[in-house]
Amino acid sequence: MPSAVSSDEWDLPRLKGQIGFEDDYQSDDQDTEFFDVKFYPYGDSTHDPVFAAVSKKHVVIYRLSSKANPPYELVQLFRDDDKEALNCSCTWTKDPETEVPYLCVAGRDAKIKVYDVIQGKLVKVLVGHGGEINDLATSPANFLLIASASEDTTVRIWSLDPAHSKQPCVCLLAGEGHSSGLLTVAFHNSGRYVLSAGHDNVICLWTLPDLPPESNGKNPSKPIVIHYPHFFTSEVHSGIVDCVAFFGDLVLSRACHEDIIVLWRIEGFSSRDPPPKISEAPTTSDTERLTRSAFAPATASACPPQYTRLLEFWTPHCGHQFYLRFKLFHDKDKHPVLAFGNAKAMIFFWDLARLGSYHDFISEVRNPDRDKTQPINRPGWLAPINHRHKGDAVSKLRDAASDRESVASGRTGSVDVETHIDLNTNYSQETIESWELKYDMTRVEEPIRAHAQSNVTVKDFVGRQVAWSAGGEWCVVVGSKNLAIILQRWHKKDQANEKEKKPTQDRQNRADSGPAKVSVEAP
């Protein structure tokens with residue numbers, strides 16, 4: 001038998017618990033639900049992570065801990081009593097002087113409300129949008145800059161810097177970008193570029209200008225208005241685009257009815273290059289052009305591709321639902337992992353590092369010049385399909401235990417050392433096809449299947465938003481029925497150093513039996 005070497009880097013999250021929040025607010029046409037969730041990104045890495053979730057009239061703040069049972073603790077809760085408020089988005093920032101955590105919350109009333117999370121008090125309200133705000137994002141390069149995407153078809157950039165207190169809206173992305181309401185906005189890691197998308201099927205990339213100077217006297221600087229994005233396309237998707245994100249300089253996006261997340265590249269775009277000038281943005285002189293780009297402009301003599309689709313990730317059973325949003329965990333020292341919750345109580349994970357590792361493994365096996373007497377390391381997550389033999393009770397138990405650990409939980413961090421003669425000889429066609437569906441980047445016509453899947457026990461749970469803790473250990477998915485699904489990876493149970501009050505099975509039973517309830521009544 002091949003030897004195995006333990007490794008955690010390939011682990012994917014598995015279910016640790018569920019929180020059910022009993023909101024007193026009930027709308028006429030649907031149950032209450034969480035629409036957004038974000039982890040606090042500025043905390044000490046040695047401290048337990050904290051996340052906020054928005055549920056129409058309420059905001060809840062939880063702390064997660066591997067040492068607690070259950071692994072979550074409610075630390076703050078506040079209610080928005082504005083009559084018109086139905087909140088659906090949030091983002092974190094902090095006080096520029098005291099560094100007290102602030103949470104920005106927005107929704108139907110077109111206001112951005114900034115809360116002191118420690119006190120649970122409202123400290124600032126930002127107004128200016130003419131329609132519902134559907135998404136918020138904080139600049140990774142400057143925690144005082146907030147982007148908001150609205151039904152009024154614009155993106156506004158807000159500064160919480162005291163220097164802009166008289167005019168906090170410092171930039172307006174509007175004009176010739178979008179023709180319908182926006183649903184999603186995302187910053188590039190550099191803070192210089194912003195993606196936006198929404199009901200018009202269009203994705204825009206905007207270049208942010210330098211901020212206006214400090215407000216002086218009675219006449220603060222007016223917001224800088226950007227009329228044209230530097231990239232515009234309605235070709236990547238054919239439906240409502242409800243989630244966009246940068247992956248380095250690449251773009252991830254999804255749209256209603258398509259059941260895929262698309263990874264694609266804007267040709268010619270590099271954040272290492274100097275940012276393009278406002279005057280270089282393509283205008284709408286050619287109204288029939290579905291893609292316009294300042295990075296690979298079309299000319300009469302040559303028309304290079306302006307974007308390239310690279311990969312698709314399969315997200316089945318989303319149906320007619322929109323406002324379903326993925327989240328990518330991306331840290332330079334860890335594997336990038338994509339997570340998404342669909343409309344049928346399923347949570348999918350893709351470890352993007354596995355795609356390259358699979359390519360290397362297959363290339364080594366198929367190398368005609370390799371020494372076939374030397375063993376090859378097969379990643380433990382690349383498990384062959386072994387059908388159980390009828391009546392073999394020992395094999396059934398062994399296979400069942402292996403399946404639970406390596407497939408359902410995402411714990412697949414071993415390396416099998418094998419001597420290969422031929423790929424088709426050593427593995428069944430079923431195994432090879434299964435691997436190709438999950439890991440083969442050359443099959444551009446086939447969306448990549450999830451590398452791990454967690455099934456939520458509550459029927460027809462709709463995953464609205466995903467969040468990752470800063471270190472990538474915790475993943476939270478929120479959505480319909482006011483549920484928050486808690487998942488974790490890399491947690492090792494060291495019984496010699498950690499005595500648990502209850503056995504592990506009791507904790508798993510808690511996760512499987514249903515969500516813990518948190519009740520709230522109107523004051």
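# Exercises on a predicted model

R292 sits over the face of F232, 3.9 Å from the ring centre. The model is predicted.

**Exercise 1. Which arginine lies over the face of Y323, and at what distance from the ring centre?**

Step 1. Apply the cut-off: CZ of Arg must be within 6 Å of the ring centre and within 35 degrees of the ring normal.
Step 2. Find the residue over Y323. R325 lies over the face of this ring.
Step 3. Read the distance. R325 is at 4.1 Å from the ring centre of Y323.

**Exercise 2. Classify the aromatic pair of F349 and W468, then place both residues in the chain.**

Step 1. Start with the total. The count comes to 23 aromatic pairs.
Step 2. Take the geometry of F349 and W468. Their centres are 6.1 Å apart, with 70° between the planes.
Step 3. Compare with the cut-offs. Centres within 6.5 Å make a pair, and planes over 60 degrees apart count as edge-to-face. The pair of F349 and W468 is therefore edge-to-face.
Step 4. Locate the partners. F349 belongs to strand 27 (residues 346–351) and W468 to strand 31 (residues 463–468). They are 119 residues apart, so the pair links distant parts of the chain.
Step 5. Check burial. F349 and W468 are both buried.

**Exercise 3. Which residues form one aromatic cluster with W10?**

Step 1. Collect the partners. Y358, W381 and Y439 join W10 in one aromatic cluster.

**Exercise 4. Work out the open sheet that contains strand 8. Why is one side of strand 7 and of strand 10 left without a neighbour?**

Step 1. Write the order. The open sheet has 4 strands, ordered 7-8-9-10, and the pairing is antiparallel.
Step 2. Find the edges. Strand 7 (87–94) and strand 10 (121–126) each have a single partner strand, so one side of each lacks a neighbour in the sheet.
Step 3. Add the twist. Neighbouring strands are turned by 25° against each other on average, direction ignored.
Step 4. Inspect the inner pairing. Strand 8 (residues 101–107) and strand 9 (residues 112–116) run antiparallel and are joined by 5 bridges.
Step 5. Pick one position. Y102 stands opposite D116 in strand 9.
Step 6. Recall the chemistry. Strands of a sheet pair through backbone hydrogen bonds.

**Exercise 5. Summarise the protein chain: how many helices and strands, and what percentage of residues is buried?**

Step 1. Count elements. The chain has 5 helices and 34 strands.
Step 2. Take burial. Of its 523 residues, 52% count as buried.
Step 3. Sort contacts. Among those with a separation of 6 or more, 62% come from residues 24 or more positions apart.
Step 4. Finish with the surface. The protein chain exposes about 24200 Å², and carbon and sulfur atoms supply 49% of it.

Conventions
Residues are numbered from 1 along each chain as its sequence is written. This is a predicted model: local features need pLDDT of at least 70, side-chain atom pairs count only at pLDDT 80 or more; totals for chains, interfaces and linings use all residues. Side-chain values use heavy atoms; hydrogens and water are left out. Helices (H or I, at least four residues) and strands (E, at least two) are DSSP runs, numbered from the N terminus. Buried means under 20% relative accessible area, exposed over 50%, partly exposed in between (1.4 Å probe, protein chains only). Contact means heavy atoms within 4.5 Å. Accessible areas come from the Shrake-Rupley method with a 1.4 Å probe; for residues, only the protein chains shown count as cover. Rings of Phe, Tyr and Trp (its six-membered ring) pair if their centres lie within 6.5 Å; planes under 30 degrees apart count as stacked, over 60 as edge-to-face and the rest as tilted. Two strands pair if DSSP finds at least two bridges between them. Axes are lines fitted to C-alpha atoms, for helices over the stretch in contact, and angles run from 0 to 180 degrees between N-to-C directions.
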